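I sat down with this model to look up a few things and jot them in my notebook. My notes follow, in the order I made them.

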Amino acid sequence: QQFPHHPLAFQARLALGQHFYTRGEYDRTLNALQSVLDDEPPTEIAAKALYWMGAAALEQGRTAQALDYYQQVTDDYLYTETAPLAIYATAFIHVQQDDYDAAVEAFELLTARYPESPYARNIGLALAEVYYELGDYERVIEEVEKRLPRLDEEARERATFLQAEAYNQLRDSDNAILYYQRFTEQDPDSPYYRRALYGLAWNYYFEGVYEWAADRFAQVHAGHRDDLAMEGQYYEAVNRKLNGKPGVAAEQFGTVADRWPDGRLADRAVFEQGLTLYELRQWEKAHGAFSRLVDEYADSDLLGEALRLRGYTNIALNDFDTALEDFDRAVALDAAPPELKQEVLFQKAWLLYRTGAYDEAAEAFQDIHEETPGSPKASDARFWAAESRYQDGRLDAAEDGFEAYLEDHPTGRYVEAAHYALAWVYFRQNRYQEAISAFRTFLDDYRGADDAVPYRSDAMLRLADSHYALKQYPQAIEAYQQVGLSGGDYAQYQVGQAFYNAGDAFEAISAFRELLEAYPDSNWREEAQYTLAYLYFLNQDYDQAIASYQELIEAYPRDPLAAKAQYGIGDAHFNAGNLDAAIEAYSAVLERYPDSPFVSDAASSIQYALIGLDDADRAEALIADFAERNPNSRVVDELRFRRAEVLYQGGQSQQALTAFQDYLATANAPELRADAQYYVGVIQAEQDQPEASIEALQRAASASAGTHRADAAQRLGRLYLDQQQYEAALRTYRRLEQLSDDPARTAQAMYGQGIALVELGRPQEAEDLLTASLQDQSEDDAPPATLLGLARVYQSTGRPADAMRLYRDIANRSDDEAGAEALYRLGELLVDREEYEVAVSQLSRMPTLFSGFSEWVARSFLLQARAFRQLGQPGEAGRLYDRVVEQFPGTPYADTAEQEKARL
């Protein structure tokens with residue numbers, strides 16, 4: 001006031017306006033600063049006055065006026081220091097208003113016009129954040145990368161997260177995962193840690209790796225109850241379901257609703273729980289979930305759908321009246337058509353079909369057809385009755401139903417489907433010739449106008465498959481090729497397989513090559529590449545085979561066939577005589593694919609190759625070297641075990657025994673230890689060490705793992721019977737029954753139990769056991785070993801006629817050891833009945849029918865000799881004794897033959 005014309009007067013008035021601003025006196029601020037402008041101040045002073053006027057207007061809530069003040073600075077005072085600050089403020093106002101287009105325009109103007117301004121340099125992530133809000137994710141990434149060098153540590157962390165989010169929005173999962181993992185693998189206290197887990201989970205979901213996605217969503221909600229935890233729990237459930245664990249998913253959906261009953265996902269979680277339980281056919285639980293949604297979330301937009309599905313659960317629970325009420329409410333909510341009530345009967349049958357109750361569905365559909373023959377649904381019901389029987393596996397009844405439908409409803413909606421289904425009936429019954437005729441009929445009559453039956457290509461493929469199954473490879477090839485492009489890679493693959501099976505390797509190779517060229521993304525590409533290599537292998541073109549196997553490995557290194565191909569390279573080198581190269585290739589299986597099923601074969605093949613090189617020392621050196629490089633690898637145990645196994649298979653039993661015993665002293669793999677105990681027991685039995693053999697076989701049979709546990713139990717049971725330890729034999733054969741998943745071996749277990757019970761004086765218990773095991777089986781279908789045990793029971797309980805009948809039947813229809821023993825037991829009974837000539841006649845068949853079972857052949861010779869002695873023919877007896885001594889030297893049977901011959 002005292003010095004209005006002093007050079008500092010403008011600055012004084014500017015400072016006074018700023019002073020009023022700091023005190024919140026915004027009207028006085030505006031008056032003071034307007035007085036600055038009224039006296040035509042210097043440009044820098046004018047720009048600052050306008051800026052602070054904008055700030056005051058903004059504080060008063062007059063955003064438009066604030067923007068006008070800032071715009072005036074930008075337009076009229078372009079070259080002042082305040083101009084970039086005004087643009088900077090303008091940009092942030094637009095951000096606060098969610099006007100991101102205007103914000104981007106302001107930020108870009110700032111950086112373009114004033115690139116060296118501290119405001120331009122200090123924008124930080126603001127422009128990137130705005131680009132993100134606008135959905136311009138590629139520019140987000142560009143902006144972040146441009147700003148990163150100038151950001152502090154906290155801002156860099158935010159920038160990295162923003163990059164991850166941008167890549168996530170671009171569905172660039174590789175980069176999104178990479179950037180999210182920078183948080184998830186570091187500080188769990190980071191403010192971005194859980195959000196990064198959340199984003200990482202979504203990208204695993206996008207990639208179809210549902211188990212990993214579920215695990216990450218679980219980490220998001222663990223120990224938290226906020227909204228993010230709610231979403232984590234919900235989406236964990238979604239991914240558990242997608243990963244094939246619907247039961248777990250249903251439980252977790254329920255947890256979401258229980259923990260966050262008022263959350264935005266609560267009603268959807270309850271609905272998904274009900275839907276999942278419905279898909280699991282847990283009708284009552286599904287009904288409860290849908291009822292919870294109906295009762296607790298009446299305003300949900302899922303209410304109508306929940307009512308409709310609850311109606312279906314009521315039908316599944318046979319409560320059709322309540323189902324109708326639910327359908328009524330669903331119709332009122334536009335969740336179901338008004339005609340639904342009129343179709344409830346059909347829906348009852350249809351839902352039975354949908355839920356897999358095919359027998360009941362067939363009856364329900366049949367009732368509809370018979371009770372309402374003129375209704376629009378009658379003909380449809382007849383078709384679905386036949387289809388239900390088809391799904392239920394009653395193919396004969398389905399065949400009758402489809403034929404009746406075609407006869408009675410020649411213009412019905414499902415005529416083409418019935419022709420198609422009838423062809424499938426034949427196909428599933430392996431009636432391939434009839435299937436060929438039926439598929440041809442379908443294809444000839446198919447109009448192609450009804451989308452309900454879009455099955456022309458499939459019918460052509462099944463026609464080709466039928467020719468293929470009948471080994472009519474030229475016709476199969478022609479049919480596959482007629483399918484053309486619609487047959488896709490499967491048809492091309494089958495063409496290759498057909499040429500392969502027809503013995504035309506050249507055409508097969510051409511077909512597989514064409515598949516690989518035409519369908520590089522085919523699901524059959526790995527199989528085709530492998531078969532191509534194998535064809536070269538079979539044609540002894542080992543170099544080409546190796547190259548093709550290597551191509552498979554390089555193209556699909558993670559495919560299960562990669563390990564098989566690597567093993568194939570070893571076989572190719574082995575067959576080509578390149579044993580060192582074979583060893584190297586087999587070793588690669590151990591190194592690269594230690595968990596593959598080819599590890600055992602590769603370990604064995606290495607040993608065979610070393611035997612071929614006559615280099616036993618190298619086997620030990622190879623194992624030692626591998627162990628040194630891979631000290632914790634299970635493959636070390638595998639190599640040592642396979643070396644011992646190869647020694648045994650090569651006839652070096654004593655060396656094998658030592659190797660197995662050395663292996664057992666240090667090995668850890670439970671299944672291989674059990675198998676080693678089995679081999680030790682077998683070798684000790686061969687060396688006539690029954691007690692030691694029993695101890696080893698006991699350990700093998702009682703182990704919790706091992707591929708030879710059942711073999712061990714079977715041998716151990718026989719040893720116990722030979723040693724007359726019948727209680728132990730009974731326990732062991734019961735163990736064999738538990739271990740067995742093979743009907744023939746189960747029959748051996750039943751046989752052994754029966755013999756042990758007979759020897760323990762419990763024949764009735766033996767007979768009950770064996771008879772129960774044969775329940776619902778005719779003698780023609782019964783396992784020979786079980787029948788043999790029953791015959792032994794009959795023999796021991798004084799029923800020789802029944803025993804002889806079974807022995808004769810078993811010997812006539814069985815070519816295994818049961819047949820050999822049955823023939824011997826038959827001869828034994830005949831000798832006991834003094835029917836010596838008949839006994840000799842029967843026993844003389846033994847060498848022809850059962851030459852592979854030397855024990856029974858030797859015993860049959862001895863029994864025939866005794867019969868000849870009773871017939872007064874010592875010469876014939878002597879001839880048989882000599883034959884035993886000659887054919888079975890060093891056995892107890894030879895000793896017996898010599899002793900009995902000496903007494904002639």
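**Entry 1: helix α28.** Before listing residues I wrote down the cut-off: I call a residue buried when its relative accessible area is under 20%, exposed when that area is over 50%, and partly exposed in between. I also reminded myself that this is a predicted model.

With that in hand, I looked up which residues of α28 are buried. They are Gly488, Asp489, Ala491, Gln492, Tyr493, Gln494, Val495, Gly496, Gln497, Ala498 and Phe499. That makes eleven of the 14 residues, so by the under-20% cut-off I noted α28 as mostly covered.

Next I asked myself what covers the buried residues of α28. The cover includes α26 (456-469), α27 (473-483), α29 (505-518) and α30 (525-538).

I then checked the length of α28, which runs over residues 488-501. From first C-alpha to last it reaches 20 Å, close to the 20 Å expected at 1.5 Å a residue. After the helix comes Gly503, with a positive phi near 85°.

**Entry 2: helix α16.** I turned to α16, made of residues 266-279. This helix has 14 residues and its end-to-end C-alpha reach is 20 Å, close to the expected 20 Å.

How many residues of α16 are buried? I found eleven of its 14, and noted this helix as mostly covered. Among them are the aromatic-looking names I marked in my margin, Phe271 and Tyr278. The buried set also includes Asp267 and Glu272, as well as Ala266, Ala269, Val270 and Leu277. Gln273, Gly274 and Thr276 complete the list.

What follows α16? Here I wrote down Arg281, with a positive phi near 65°.

**Entry 3: Phe537.** I picked this residue out of helix α30, one of the helices I had noted as cover for α28. Is Phe537 buried or exposed? Its relative accessibility is 14%, so Phe537 counts as buried.

I then looked up what Phe537 touches, leaving aside residues up to four places away in sequence. The list is Tyr542, Ala545, Tyr549, Asp571, Ala572 and Asn575. For Ala572 I took the C-alpha distance too: 6.5 Å from Phe537, with their positions 35 residues apart in sequence.

**Entry 4: two loop residues with positive phi.** Gln540 sits in the loop between α30 and α31 (542-555). Its phi is positive, about 65°, although Gln540 is not a glycine. The relative accessible area of Gln540 is 58%, so I put it down as exposed.

Asp688 is in the loop between α38 (670-686) and α39 (690-702). This residue is likewise something other than glycine, and its phi is positive, near 60°. Is Asp688 buried or exposed? With a relative accessible area of 66%, Asp688 is exposed.

**Entry 5: two charged residues in helices.** Arg731 belongs to helix α41, residues 726-739. Its relative accessible area is 54%, and therefore I noted Arg731 as exposed. I also looked up Ala756, 25 residues away along the chain, and found the two C-alpha atoms separated by 9.3 Å.

Asp882 is in helix α50, residues 874-887. Because its relative accessible area is 37%, Asp882 is partly exposed. From Asp882 to Leu730 I read 38 Å, C-alpha to C-alpha, across 152 residues of sequence.

**Entry 6: the whole protein.** I finished by stepping back. How many helices and strands are there? My count sheet says 51 helices and zero strands.

For overall dimensions, the C-alpha atoms fill a box of roughly 160 × 85 × 60 Å along the principal axes. The radius of gyration is 43 Å, whereas a compact globule of 904 residues would have one near 29 Å.

Of the 904 residues, 50% count as buried. The exposed surface is about 44200 Å², and carbon and sulfur atoms supply 45% of it. Among contacts with a separation of 6 or more, 48% join residues 24 or more positions apart.

Last, the charges: I noted 82 positive and 152 negative side chains. The centres of these two sets lie 4 Å apart.

Terms used
Residues numbered from 1 in each chain as written. Predicted model: local features only at pLDDT ≥ 70, side-chain atom pairs only at ≥ 80, totals over all residues. Heavy atoms only, no water. Helix = DSSP H or I, 4+ residues; strand = E, 2+ residues; numbered from the N terminus. Expected span 1.5 Å × (residues − 1). Buried < 20%, exposed > 50% of the residue type's maximum accessible area, 1.4 Å probe, protein only. Rg over C-alpha atoms; globule rule 2.2 N^0.38 Å. Contact = heavy atoms within 4.5 Å. Areas by Shrake-Rupley, 256 points an atom, 1.4 Å probe, with all protein chains shown as cover. Lys, Arg positive; Asp, Glu negative; His and termini not counted. Charge placed at Lys NZ, Arg CZ, Asp CG, Glu CD.
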